[in-house]
2 protein chains.
Amino acid sequence: MVEQHPAQLDAVFHALADATRRHMLRSLATHEHSIGELAAPFHMSFAGASKHVKVLERAGLVRRTVQGRTHLCRLEAQALAEAHEWMRYYEKFWNNRLDALEALLRAGDQAPKPSPSQKGKKP
Amino acid sequence: MVEQHPAQLDAVFHALADATRRHMLRSLATHEHSIGELAAPFHMSFAGASKHVKVLERAGLVRRTVQGRTHLCRLEAQALAEAHEWMRYYEKFWNNRLDALEALLRAGDQAPKPSPSQKGKKP
DNA sequence: GACTTATTAAACCAAACGGTTGACAAATTC
DNA sequence: GAATTTGTCAACCGTTTGGTTTAATAAGTC
């Protein structure tokens with residue numbers, strides 16, 4: 001019921017709440033990139049991209065290895081897994097819409113489920 | 001590769017990037033709540049809670065029905081599903097860690113991956 | 001050593017955030 | 001009708017954000 005790592009979740013969700021950073025993650029999914037390469041698609045200054053990467057790093061989504069004068073960034077998806085897991089708690093609310101939800105809410109009492117006929121569910 | 005609803009994702013992730021709002025969602029998962037009920041656990045002003053709820057509403061995570069003078073808020077999980085789906089793309093990076101990942105990375109280029117010994121090539 | 005490249009640091013800016021207070025409006029209760 | 005409850009709105013405050021520009025640093029290159 002209580003979150004284990006609220007600050008971590010804060011950081012991850014905040015990092016994801018920006019289209020530029022999400023795009024960077026997509027790029028990093030295929031292979032590593034330097035800061036400059038990450039900045040390029042957005043006609044954004046180096047410093048701007050550097051800040052975004054730092055946000056991703058703080059969230060644990062990216063790890064950097066300095067190699068000579070270039071900083072190579074690599075996706076670190078484990079942090080995403082935690083946020084994903086957090087969301088999974090709500091899966092029941094969008095998956096089995098009414099049936100399972102009602103069943104869940106009725107968990108306390110044993111009343112049989114009234115057969116719904118309006119949501120176009122398939123057997 | 002291109003996101004379908006970037007603004008929607010922005011709103012959802014931003015809404016989730018706050019522990020207070022995440023807690024509100026948890027409360028709403030069990031049953032509906034008024035603004036005042038949502039505010040109570042945080043010894044926060046009505047206006048403060050009202051702002052948070054508005055953020056959740058804008059993200060499509062909460063729907064409100066005015067009933068007399070009280071505003072009843074209900075969880076709307078479908079918006080979460082979309083964000084969840086976005087993250088699912090990265091599942092392969094934390095599930096089958098190295099095998100599938102390396103296979104994926106080698107898909108395009110045939111260069112053998114050097115062992116993670118050291119990068120220093122200069123004498 | 002001088003130049004170029006890749007990146008950070010620092011200072012700045014306008015906008016947004018999270019929160020408050022005070023004034024107001026609509027239901028409800030007395 | 002007056003008071004209370006439930007909530008919004010607008011203004012404010014201090015902090016953070018996303019971005020810039022201008023140095024400054026560190027590593028290759030000539």
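Let's start at one spot: in DNA strand C, a base nitrogen has a polar side-chain atom of Arg69(B) 3.4 Å away. That is a polar contact, meaning a pair of N or O atoms within 3.5 Å; within protein, one must be able to donate a hydrogen and the other to accept it, and residues adjacent in sequence count only if both atoms are side-chain atoms.

Before going on, a word on what we are looking at. The model is predicted, so local features need pLDDT of at least 70 and side-chain atom pairs count only at pLDDT 80 or more, while totals for chains, interfaces and linings use all residues. Residues are numbered from 1 along each chain as its sequence is written, chains are lettered from A and ligands numbered from 1 in the order in which they are written, and side-chain values use heavy atoms, with hydrogens and water left out.

Back to DNA strand C. What do Arg21(B) and Ser45(B) reach there? Each puts a polar side-chain atom by a phosphate oxygen, Arg21(B) at 3.0 Å and Ser45(B) at 3.1 Å. If we ask which elements give two or more residues to this surface, chain A offers helix H3 (35-39), helix H4 (46-58) and strand E3 (70-75), and chain B offers helix H4 (46-58). By the way, helices (H or I, at least four residues) and strands (E, at least two) are DSSP runs, numbered from the N terminus. H4(A) gives the largest share, five residues.

In total, 23 residues surround DNA strand C, and Ser50(A), Arg64(A), His71(A), Lys51(B) and His52(B) are the closest. Of the strand's atoms that come within 4 Å of the protein, 65% belong to sugar and phosphate. A residue counts as near when one of its heavy atoms lies within 4 Å of the molecule or strand. Sorted by class, we get five nonpolar, ten polar and eight charged residues. Here Ala, Val, Leu, Ile, Met, Phe, Trp, Tyr, Cys and Pro count as nonpolar, Asp, Glu, Lys and Arg as charged, and the others, Gly among them, as polar.

Now turn to DNA strand D. How many residues surround this strand? There are 23, and the closest are Lys51(A), His52(A), Gly36(B), Ser50(B) and Arg64(B). Sugar and phosphate make up 67% of the strand D atoms within 4 Å of the protein. Gly36(B) uses a backbone N or O atom, 2.8 Å from a phosphate oxygen. Our friend Arg69(B) is here too, with a side-chain N or O atom 2.8 Å from a base oxygen of DNA strand D. Elements giving two or more residues are H4 of chain A, plus helix H3 (35-39), H4 and E3 of chain B. The largest share, five residues, is that of H4(B).

How do the two protein chains relate? Turn chain A by 180 degrees, with 0.0 Å of shift along the axis, and it superposes on chain B with an RMSD of 0.1 Å. We call that relation a two-fold axis. The same surface serves both copies, since 94% of the contact residues of chain A recur in chain B. Contact means heavy atoms within 4.5 Å, and the superposition is by least squares on the C-alpha atoms of residues with pLDDT of at least 70 in both copies.

Last stop, the sheet of chain B. Its three strands form an open sheet in the order E1-E3-E2, with antiparallel pairing. E1 and E2 are the edge strands, each pairing on one side only. In general, strands of a sheet pair through backbone hydrogen bonds, either parallel or antiparallel. Two strands count as paired if DSSP finds at least two bridges between them. E1 (residues 33-34) has two bridges to E3(B), and E2 (residues 62-67) has six. Between E2(B) and E3(B) the hairpin has two residues, and Gly68(B) takes a positive phi near 70 degrees.

Helix H2 (residues 19-30) of chain B lies across E1, E2 and E3, at about 90 degrees to E3(B). H4(B) packs on the sheet too, touching E2 and E3, its direction at about 120 degrees to that of E2(B). For these angles, axes are lines fitted to C-alpha atoms, for helices over the stretch in contact, and angles run from 0 to 180 degrees between N-to-C directions.
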